[in-house]
Amino acid sequence: MASKQQITEAIYGAIDEVNAAQGSENQIAKDPKAILFGQGGKLDSLGLLTFVLQVEQRVQATGHPSFTLTDEKAMADTATAFRTVESLTDYIVSRL
Amino acid sequence: MDIKNIHCLLIADHTIDQLGAILKNGDDAPAIKTSVAPFDQVQQVLMNGALSCWKQGADTAVVWTRPERSIDAFRQILQRERVTQQELLAQVDEFADLITRASERVEALFVPTWTMPAWWRGTGGLELKSRPGAIGAVRALLMMNARLAEKLENNSRVHLLDASRWMAGAGKNATNPKLWLMTKALYSLEVFKDSAADIKAILRGIAGLSKKLVVLDLDDTLWGGIVGENGWEGVALGGHDPIGESFADFQRALKALKNSGIILGIVSKNDEKTALSAIRENPEMVLKDSDFAGWRINWQDKATNIKDLVEELNLGLDSVVFIDDNPAERARVKETLPQITVPEWPADKMLYTQALHALRLFDRPGVTDEDLGRTEMYVAERQRTESKSSSGSMEDWLASLQLKVTYEPLGPGNIKRAAQLFNKTNQMNLTTRRMTEAELLAWGTQPNHAMYAYRVADRFGDYGLTGLASVEVNGGEATVTDFLLSCRVMGRGVEKGMLTTLLDFARKLGAKKTTAKYVETKRNKPCLDYFKDESGMPRNEAATEFWWTHDQDFPTPSHITLVEGDGNTPAPETEAAHA
């Protein structure tokens with residue numbers, strides 16, 4: 001099973017990817033406390049979905065080809081699970 | 001087009017907002033302001049220039065469509081419905097007509113080629129086949145893209161972009177069916193990043209900012225090993241080992257660049273005789289000494305050598321790329337000559353060719369005959385320099401050149417090169433205006449305007465189209481609006497020949513006086529010096545205005561033959577043109 005570190009790296013990789021489309025004032029930090037969703041979040045709805053799918057692909061590449069972040073459960077958990085890098089990491093690890 | 005203030009309208013049948021964000025926020029210049037046309041209304045937007053999305057100041061546009069959406073016959077092909085090739089191509093022609101119509105509203109219009117997602121494979125090999133009434137989808141797509149390219153190839157404002165390369169680069173992540181279903185975004189950020197980089201590279205080329213000269217190191221750059229230690233027989237080049245083959249590949253890629261009009265030069269710390277014998281005698285060398293416009297092979301500082309070589313070639317430092325395997329030399333050049341582009345270079349020699357191809361520095365809106373013959377022109381220039389040193393006086397030398405200056409109106413045969421010259425010339429440039437091909441053509445066709453392109457040739461060869469000048473006549477007053485000349489032909493009396501043609505036009509339209517007003521920039525002092533010291537025109541005290549009254553003839557130098565051309569004049573044949 002992928003380690004928490006691997007999952008964090010996968011999330012950071014996705015952050016690198018989406019930052020290309022973010023202005024300099026809206027860059028997302030590669031930091032466990034960085035806010036991804038909700039108040040203080042810097043991604044619009046398209047950016048968030050792109051980010052989610054990026055994370056999903058990267059987690060799948062760690063040896064979990066069936067992993068999904070876009071099922072009903074994940075969507076229902078968005079507000080808490082996607083709040084920060086740290087909460088997303090924990091959420092993904094809990095679902096592996 | 002103002003490169004610092006570009007506004008791009010994005011027209012697509014899929015969510016394209018992220019391309020806009022990358023065009024605006026990406027690291028590479030220029031930053032581009034974008035707006036997005038109404039989603040999935042491509043045909044309406046292309047057809048109707050009165051729509052509000054066209055009224056927001058866009059000077060460029062991207063039209064990115066799905067093949068099954070913009071060409072209904074292709075959708076039918078995907079559904080295995082009967083479609084003839086004729087029907088398919090007729091729809092492509094209609095789409096090309098819409099693109100052509102829209103291109104008249106902007107200065108540059110980008111059209112990515114049609115692709116299918118990598119995961120789509122249809123029925124495999126059958127997709128490349130054709131039988132009556134049934135065309136394989138992959139075959140149809142190839143035909144559609146080829147037809148589109150053919151229909152648009154003479155439209156200088158339209159730039160087709162190879163989207164299949166972006167797809168291949170992003171691999172299986174180029175498209176994500178879930179992303180499409182959830183957001184209607186067809187492509188990944190990776191694809192958008194690649195496409196944005198290509199668009200920006202072309203825009204830099206349109207603005208005349210593409211690179212002209214690649215300066216190369218020798219040891220471990222053009223061949224493996226140190227020639228001074230091992231002799232040319234001992235360096236790795238060609239043969240049957242991966243390193244030697246990689247250097248031969250790299251040289252082939254450089255030769256292709258040279259053949260497309262990019263100049264090559266050498267700056268190397270080496271013994272010149274040893275290095276040149278390696279180039280001339282090693283049978284594995286792909287590049288010959290005649291492929292290089294010049295070189296500095298000695299033990300001096302490379303930055304100094306590069307500056308010296310660039311001056312000799314009459315180029316600007318900002319048009320130069322320096323490639324060297326040695327990070328210390330790269331750092332030194334980068335620090336000393338910040339205008340030069342010094343790409344990071346892979347330590348792994350087998351990646352050199354790939355690194356060269358990854359540089360988006362050589363994009364140009366078109367390639368002219370002058371581009372293709374540029375290196376030969378430098379060889380001819382070397383011969384001129386040799387003849388100069390053997391002539392008795394400057395007058396003797398100028399007379400011996402047999403200079404011929406052909407002036408012609410702008411037209412299809414010269415507009416590409418004219419626009420390049422117009423937007424790149426800095427030193428001998430009276431007013432340093434910047435205009436696109438379309439703007440130049442429009443300006444030059446006004447009845448009271450004349451805009452001439454000048455081709456210069458002498459007994460050593462053809463310099464090509466090297467000058468551009470214009471005059472505007474209003475009643476009895478005429479104004480020289482542009483006067484620019486390539487450094488390659490400055491100081492040979494061509495300037496006076498150009499002035500003669502402008503003054504002649506003004507006089508014929510009734511001007512009593514023609515004035516040239518100098519607009520100072522950081523780099524055009526040579527132009528001021530010319531008008532002050534050599535033009536023979538009276539001037540005001542501040543030396544900002546120069547004039548000629550038409551009650552007297554302007555003295556044309558006797559060593560120049562002025563010839564009127566029609567805008568499609570072929571390059572004169574001279575001995576050096578065949579050198």
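A polar contact is a pair of N or O atoms within 3.5 Å, where, within protein, one atom must be able to donate a hydrogen and the other to accept it. The exercises below apply this and a few other cut-offs to a predicted model.

**Exercise 1. Describe the surroundings of Lys211(B), and find out which side chain joins it in a polar contact.**

Step 1. Begin with the place in the fold: Lys211(B) belongs to the loop that runs between helix H9 (189-206) and strand S8 (213-216) of chain B.

Step 2. Look for a partner of opposite charge. Lys211(B) is buried and has no salt bridge, and the nearest side chain of opposite charge, that of Asp318(B), is 6.3 Å away. A salt bridge requires a side-chain nitrogen of Lys or Arg within 4 Å of a carboxyl oxygen of Asp or Glu.

Step 3. Apply the definition of a polar contact. The side chains of Lys211(B) and Thr341(B) are joined by such a contact, at 3.3 Å.

Step 4. Complete the list of neighbours. Leaving aside residues up to four places away in sequence, Lys211(B) touches Ile262(B), Asp318(B), Ser319(B), Val320(B), Val321(B), Thr341(B), Leu361(B) and Phe362(B).

**Exercise 2. Work out whether Leu181(B) and Thr183(B) are buried or exposed, and describe what each takes part in.**

Step 1. Place both residues: Leu181(B) is in helix H8 (residues 177-183) of chain B, and Thr183(B) is found in helix H8 of chain B as well.

Step 2. Compare each value with the cut-offs, under 20% for buried and over 50% for exposed. Leu181(B) has a relative accessible area of 63% and is therefore exposed, whereas Thr183(B), at 13% relative accessibility, counts as buried.

Step 3. Follow Leu181(B) outwards. Together with Met75(A) and Met182(B), Leu181(B) forms a nonpolar patch on the surface, and the accessible area of these residues together is about 290 Å².

Step 4. Follow Thr183(B) inwards. A polar atom of the Thr183(B) side chain lies 2.6 Å from the backbone oxygen of Leu179(B), and the side chain of Thr183(B) also reaches the backbone nitrogen of Ala185(B), at 3.0 Å. Not counting residues up to four places away in sequence, Thr183(B) touches Leu46(A), Leu49(A) and Thr15(B).

**Exercise 3. Examine the backbone at Pro30(B), Gln402(B) and Thr432(B).**

Step 1. Take omega for the peptide bond from Ala29(B) to Pro30(B): the value is near -5°, and the bond is cis. Pro30(B) has its place in the loop between helix H1 (17-25) and strand S2 (32-36) of chain B.

Step 2. Take phi for Gln402(B), which is near 55° and thus positive in a residue other than glycine. Gln402(B) sits in the loop between helix H18 (394-401) and strand S12 (403-409) of chain B, and with a relative accessible area of 54% it is exposed.

Step 3. Take phi for Thr432(B), which is positive at about 50° although Thr432(B) is not a glycine. Thr432(B) lies in the loop between helix H19 (415-424) and helix H20 (437-444) of chain B, and counts as buried because its relative accessibility is 19%.

**Exercise 4. Determine how many residues of H19(B) are buried and what they pack against.**

Step 1. Count the buried residues: they are eight of the 10 in H19(B), and the helix is mostly covered. Among them are Arg417(B), Gln420(B) and Asn423(B), as well as Leu421(B) and Phe422(B).

Step 2. Identify the packing partners in chain B. The buried residues pack against helices that include H16 (369-372) and H17 (374-390), and against strands that include S13 (449-458) and S14 (461-474).

**Exercise 5. Set two salt bridges of chain B side by side, Arg66(B) with Asp13(B) and Asp504(B) with Lys508(B).**

Step 1. In the salt bridge between Arg66(B) and Asp13(B), the closest N and O atoms are 3.6 Å apart. The pair links distant parts of the chain, 53 residues apart, with Arg66(B) in the loop between strand S3 (60-64) and helix H3 (67-70) and Asp13(B) in the loop between strand S1 (6-12) and H1.

Step 2. Check burial: Arg66(B) counts as buried at 13% relative accessibility, and Asp13(B) is buried with a relative accessible area of 2%.

Step 3. In the salt bridge between Asp504(B) and Lys508(B), the closest N and O atoms are 3.2 Å apart. Because these residues are four places apart in helix H21 (residues 494-508) of chain B, about one helical turn separates Asp504(B) from Lys508(B).

Step 4. Check burial again: Asp504(B), at 24% relative accessibility, counts as partly exposed, while Lys508(B), at 60%, is exposed.

Methods:
Residues are numbered from 1 along each chain as its sequence is written. Chains are lettered from A and ligands numbered from 1 in the order in which they are written. This is a predicted model: local features need pLDDT of at least 70, side-chain atom pairs count only at pLDDT 80 or more; totals for chains, interfaces and linings use all residues. Side-chain values use heavy atoms; hydrogens and water are left out. Helices (H or I, at least four residues) and strands (E, at least two) are DSSP runs, numbered from the N terminus. Buried means under 20% relative accessible area, exposed over 50%, partly exposed in between (1.4 Å probe, protein chains only). Lys and Arg count as positive and Asp and Glu as negative; His and the chain ends are not counted. Contact means heavy atoms within 4.5 Å. Patches are made of residues with over 30% relative accessible area and no salt bridge: like charges are joined within 9 Å, nonpolar side chains (Val, Leu, Ile, Met, Phe, Trp, Tyr) within 5 Å. Accessible areas come from the Shrake-Rupley method with a 1.4 Å probe; for residues, only the protein chains shown count as cover.
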